[in-house]
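Grab a coffee and work through these short exercises with the structure open beside you. Try each task before reading its solution.

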Amino acid sequence: MRGAPEGRFRVLIAERNPLVVAALGDMIKNDARFELVASVQSGEAFLAAVAEPKFDLAVLGWKLSDMNGAEVLEEMRQRGLHTRIVIFSNDHDIAILKQCVRLGVQGYCYQFDDPAILFDTLVAVAHGRICIPYLDVSKINDTPLSRLTTRERELLAVLADGWTNLQIAARTGISENTVKYHLKNLYDKLEVRNRAMAVALYATEKSRGPQANS
């Protein structure tokens, strides 16, 4: 990585909100360790910038005008693109943080954090380190499906195959009311309200591959 003139690190901002860009840009410009080189609002513009990098690290908002952060990171992986990234999120959702870590993000900050935390993170990432909020790494691959028992996973799989309650009861030797009881427990664990939502969640998790269900 080559630093900016006078030893400063060149920073690219990718964020859809002009107010956030302006505030963040002003802070970066007033810190002698960094040089703001550009800002973009869309994922495609960010990917184009990464393909021909003129910066040392990027501050990436979680929601851009055409993609969210996960979609940008997945697209980078598919295109074989690499750069040092600090996610700048306004959403205090631990699931987003876990997803970012799985996708290889080096830094992560919340927009409501003290600015000093952001700059400490930028410095760490610029020097090749990882800097994220506390996270129990043993649970990094936890998903709603990982909370299910083997029996519940099997039940969800047959739901996805289109089995009715009556079919499940007949093929497992239990009553239809018992099937309904098991389904209610399954929906509660998945935090969904009905069969369609459970099947949709199952399809989403399965599409992410074995890592999502480990």
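**Exercise 1.** Work out whether arginine 151 is buried or exposed in this predicted model.

*Solution.* Start with the cut-off: a residue is called exposed when its relative accessible area is over 50%. Arginine 151 comes in at 64% relative accessibility, so this residue counts as exposed. Next, place arginine 151 on the fold: it lies in helix H6, which covers residues 150-160. Finally, look along the chain to histidine 182, 31 residues apart from arginine 151; the C-alpha atoms of the two are separated by 9.6 Å.

**Exercise 2.** Find out how many of the five residues of strand E3 (residues 57-61) are buried.

*Solution.* Take one face at a time, with buried meaning under 20% relative accessible area. On one side you have Leu57, Val59 and Gly61, and on the other Ala58 and Leu60, all of them buried. That makes five of the five, so E3 is largely enclosed by the rest of the structure.

**Exercise 3.** Identify the strands that E3 pairs with, and the partners of valine 59.

*Solution.* First, check strand E1 (residues 9-14): E1 and E3 run parallel, with four bridges between them. Here valine 59 stands opposite isoleucine 13. Then turn to strand E4 (residues 84-89), which also pairs with E3 in the parallel sense, over five bridges. In E4, valine 86 is the bridge partner of valine 59.

**Exercise 4.** Which handedness does the β-α-β unit of E3, helix H3 and E4 have?

*Solution.* Trace the chain from E3 through H3 (residues 69-79) to E4: the unit is right-handed.

How values were computed. Residues numbered from 1 in each chain as written. Predicted model: local features only at pLDDT ≥ 70, side-chain atom pairs only at ≥ 80, totals over all residues. Heavy atoms only, no water. Buried < 20%, exposed > 50% of the residue type's maximum accessible area, 1.4 Å probe, protein only. Helix = DSSP H or I, 4+ residues; strand = E, 2+ residues; numbered from the N terminus. Pairing = 2+ DSSP bridges. Right-handed = clockwise from strand over helix to strand, strands pointing away.
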